[in-house]
Amino acid sequence: MVELIVDKVAYDTQHQRAIVVLRDSASSRYLPIIVGPTEASAIAMAIEGIEAPRPQTHDLLKQILDRLDVAVTGVLIDDVRDDTFFAQISMTRGESLYEVDSRPSDAIALALRARVPIRALPRVLDLAGIPVEDEHVH
């Protein structure tokens with residue numbers, strides 16, 4: 001697995017869409033993922049450390065998990081098919097491990113709030129990764 005960091009949330013004005021740009025510093029590749037505007041906002045707020053006056057969806061989910069003694073342990077972007085990415089959220093409660101399917105945008109927003117690693121399978125980066133020097137990502 002390859003650990004990624006959220007490099008930035010960008011808005012592609014030409015195509016009217018939000019993009020989360022993840023970066024693999026070890027191999028100098030970006031992994032851009034198109035996300036909805038609500039998820040982009042949730043991710044950007046987490047990156048900037050902004051807390052909404054009332055819990056947003058991902059904050060609420062994190063609070064519920066905390067109250068149930070469920071720890072989010074990581075996120076794995078495990079597939080990409082036809083430009084659609086797939087992810088898993090890993091959680092533990094006591095000795096039990098749980099993995100839940102998720103949209104990458106929701107998984108990333110939760111991972112940032114839980115301060116856990118975001119990873120991808122090497123195959124996902126091979127299929128959808130862009131070299132850092134590629135001008136289309138900046």
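What pattern does the protein follow when read along the sequence? The answer is β-β-β-α-α-β-β-β-α-β-α-β, which comes from a total of 4 helices and 8 strands. Keep in mind that this is a predicted model.

## The overall picture

Let's start with the whole chain. The C-alpha trace spans about 45 × 35 × 25 Å along its principal axes. For 138 residues, a compact globule would be expected to have a radius of gyration near 14 Å, and the protein comes in at 15 Å, so the two agree. Of those 138 residues, 39% count as buried.

As for the surface, the protein exposes about 8400 Å², and 50% of that is supplied by carbon and sulfur atoms. On the charge side there are 14 positive and 22 negative charges, and the mean positions of the two sets sit 5 Å apart.

How much of the contact network spans a long stretch of sequence? If you take contacts between residues at least 6 apart in sequence, 51% of them join residues at least 24 apart.

## Where strand 1 turns into strand 2

Now for some local detail. Asp 12 belongs to strand 1, which covers residues 2-12. His 15 follows in the loop between strand 1 and strand 2, and Ile 19 is part of strand 2, residues 17-24.

Which side chain does Asp 12 reach with a polar contact? That would be His 15, at 2.8 Å. The two partners differ in how covered they are: Asp 12 has 16% relative accessibility and therefore counts as buried, while His 15, at 46%, counts as partly exposed. So this pair links a buried strand residue to a partly exposed loop residue.

Asp 12 has other company too. Setting aside neighbours within four places in sequence, Asp 12 is in contact with Arg 17 and Ile 19. Ile 19 is itself buried, because its relative accessibility is 15%. With the same kind of neighbours left out, the contacts of Ile 19 are Lys 8, Val 9, Ala 10, Asp 12, Pro 32, Ile 33 and Ile 34.

Two C-alpha distances help place this region in the fold. Ile 19 and Arg 103 are 84 residues apart along the chain, yet their C-alpha atoms are separated by 14 Å. His 15 and Val 72, on the other hand, are 57 residues apart in sequence and 34 Å apart in space, C-alpha to C-alpha.

## Helix 3, mostly tucked away

Helix 3 runs over residues 104-114. Is it enclosed or open, and how far? With 9 of its 11 residues buried, helix 3 is largely enclosed by the rest of the structure. The buried set is Pro 104, Ser 105, Ala 107, Ile 108, Ala 109, Leu 110, Ala 111, Arg 113 and Ala 114.

Ser 105 is a handy one to look at up close. Its relative accessibility is 7%, so it counts as buried. Once residues up to four places away in sequence are left out, Ser 105 touches Val 35, Glu 39 and Ile 43.

Right after this helix, the backbone does something worth a look: Arg 115 takes a positive phi of about 55 degrees.

## Positive phi in the loops

Why bother pointing these out? Because most residues other than glycine have a negative phi. Besides Arg 115, which sits just after helix 3, Asp 69 has a positive phi although it is not a glycine, and Asp 83 is another non-glycine residue with a positive value.

Asp 69 is found in the loop between helix 2 (57-67) and strand 4 (71-81). Asp 83 lies in the loop between strand 4 and strand 5 (84-93). Asp 69 counts as exposed because its relative accessibility is 58%, and Asp 83 counts as exposed because its value is 75%.

Here are the relative accessibilities of the residues discussed above:

| Residue | Relative accessibility |
|---|---|
| Ser 105 | 7%, buried |
| Ile 19 | 15%, buried |
| Asp 12 | 16%, buried |
| His 15 | 46%, partly exposed |
| Asp 69 | 58%, exposed |
| Asp 83 | 75%, exposed |

Conventions. Residues are numbered from 1 along each chain as its sequence is written. This is a predicted model: local features need pLDDT of at least 70, side-chain atom pairs count only at pLDDT 80 or more; totals for chains, interfaces and linings use all residues. Side-chain values use heavy atoms; hydrogens and water are left out. Helices (H or I, at least four residues) and strands (E, at least two) are DSSP runs, numbered from the N terminus. Buried means under 20% relative accessible area, exposed over 50%, partly exposed in between (1.4 Å probe, protein chains only). A polar contact is a pair of N or O atoms within 3.5 Å; within protein, one must be able to donate a hydrogen and the other to accept it, and residues adjacent in sequence count only if both atoms are side-chain atoms. Contact means heavy atoms within 4.5 Å. The radius of gyration is taken over C-alpha atoms; the globule rule is 2.2 Å times the number of residues to the power 0.38. Accessible areas come from the Shrake-Rupley method with a 1.4 Å probe; for residues, only the protein chains shown count as cover. Lys and Arg count as positive and Asp and Glu as negative; His and the chain ends are not counted. The place of a charge is taken as NZ of Lys, CZ of Arg, CG of Asp or CD of Glu.
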